[in-house]
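User: I'd like to go through this structure with you and ask how each label was earned. Could you set the values against the cut-offs as we go?

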Amino acid sequence: MPKTYLRSGRHCVFNNKVHLVFLPKYRRKVFTGTILARVEAIFRETCLQMDCELIEFNGENDHVHFMVEVHPKVAISNLVGKLKGKSAYILRQEFWNEIKKYLWGNHFWSPSYCVVSCSGASIEVVRKYIENQNRPD
């Protein structure tokens, strides 16, 4: 893998990219273009605060997809909690009149999420690379 794909931390070099999918509670069709743009801005800011990087973001009216490069010191579950918590709080403040008809109670996001690891190389390429190491006798 070329060096340009690697980030470095204090004691490590890494390339940890994950694809995440979040749904609003009950998969309600709550997102508009304006709300999606605001969610992206909130996610971008939150990722930077957690030493991560939002690489891609998009969504439809009932879910969002995004890719984040996650620093090894950050647990994905903690990142998810921060992203959901902060965005739900801000969206309720800024878009309450638009979203209140779709949601009720104290929840914006579904408690579940999808996370899939991804990188520049396929699993087969990585497997072959590991198999072909010069193991000492």
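User: What makes E3 count as mostly covered?

Analyst: Happy to start there. Six of the eight residues of E3 are buried, and buried means under 20% relative accessible area. Please keep in mind that this is a predicted model.

User: Which strands does E3 pair with, and how do you know that they are paired?

Analyst: Two strands pair if at least two bridges are found between them. Between E3 (residues 17-24) and E5 there are six bridges, and the two run antiparallel. E3 and E6 are joined by seven bridges, again in the antiparallel sense. Both counts meet the cut-off of at least two, so both pairs qualify. Leu20 shows up on both sides: its bridge partner in E5 is Phe66, and in E6 Val115 stands opposite Leu20. Val21, for its part, stands opposite His65 in E5.

User: What joins E4 to E5?

Analyst: A hairpin of two residues makes the connection. Strand E4 (residues 53-60) and strand E5 (residues 63-69) are antiparallel and share seven bridges. Glu60 is opposite His63 in E5.

User: Why is the sheet called open, and which strands are its edges?

Analyst: The order is E4-E5-E3-E6, four strands with antiparallel pairing. E4 and strand E6 (109-118) each pair on one side only, which makes them the edge strands. Neighbouring strands of this sheet are turned by 20° against each other on average, direction ignored.

User: How do you know that H1 packs on the sheet?

Analyst: Contact means heavy atoms within 4.5 Å. By that test helix H1 (residues 33-49) touches E3, E4, E5 and E6. The direction of H1 makes about 160° with that of E4.

User: And where does H2 lie?

Analyst: Helix H2 (residues 76-99) lies across E3, E5 and E6, and it runs at about 135° to E6. Its buried residues include Leu79, Val80, Leu83, Ser87, Leu91 and Phe95. Among what covers the buried residues of H2 are E3, H1, E5 and E6.

User: How do you know that H2 is not straight?

Analyst: Compare the spans. H2 has 24 residues, and a straight helix would reach 34 Å at 1.5 Å a residue. The end C-alpha atoms of H2 are only 27 Å apart, short of that value. There is also a kink of about 65° in H2, centred on Gln93.

User: Let's turn to the cysteines. Why does the structure hold zero disulfides?

Analyst: A disulfide needs two cysteine sulfur atoms within 2.5 Å, and the structure holds none. For Cys12 the nearest cysteine sulfur is that of Cys52, 12 Å away. For Cys52 the closest cysteine sulfur is in Cys47, at 5.8 Å, which is too far for a bond.

User: Are Cys12 and Cys52 buried or partly exposed, and what decides the label?

Analyst: The cut-offs decide: under 20% is buried, over 50% is exposed, and partly exposed is in between. Cys52 has 3% relative accessibility, so Cys52 is buried. Cys12 has 27%, so Cys12 is partly exposed.

User: What makes Trp104 partly exposed, and what does Trp104 touch?

Analyst: The relative accessible area of Trp104 is 46%, so by those cut-offs the residue is partly exposed. Trp104 lies in the loop between H2 and E6. Not counting residues up to four places away in sequence, Trp104 touches Tyr26 and Arg28.

User: What stands out about the phi of Tyr26?

Analyst: Most residues other than glycine have a negative phi. Tyr26, which is not a glycine, has a positive phi near 65°. Tyr26 sits in the loop between E3 and H1, and at 47% relative accessibility Tyr26 is partly exposed.

User: And what is the phi of Asp51?

Analyst: Asp51 has a phi of about 65°, a positive value although Asp51 is not a glycine. Asp51 is in the loop between H1 and E4. With a relative accessible area of 30%, Asp51 counts as partly exposed.

Terms used: Residues are numbered from 1 along each chain as its sequence is written. This is a predicted model: local features need pLDDT of at least 70, side-chain atom pairs count only at pLDDT 80 or more; totals for chains, interfaces and linings use all residues. Side-chain values use heavy atoms; hydrogens and water are left out. Axes are lines fitted to C-alpha atoms, for helices over the stretch in contact, and angles run from 0 to 180 degrees between N-to-C directions. The expected span of a helix is 1.5 Å times one less than its number of residues. The bend at a residue is the angle between axes fitted to the seven residues ending there and the seven starting there. Buried means under 20% relative accessible area, exposed over 50%, partly exposed in between (1.4 Å probe, protein chains only).
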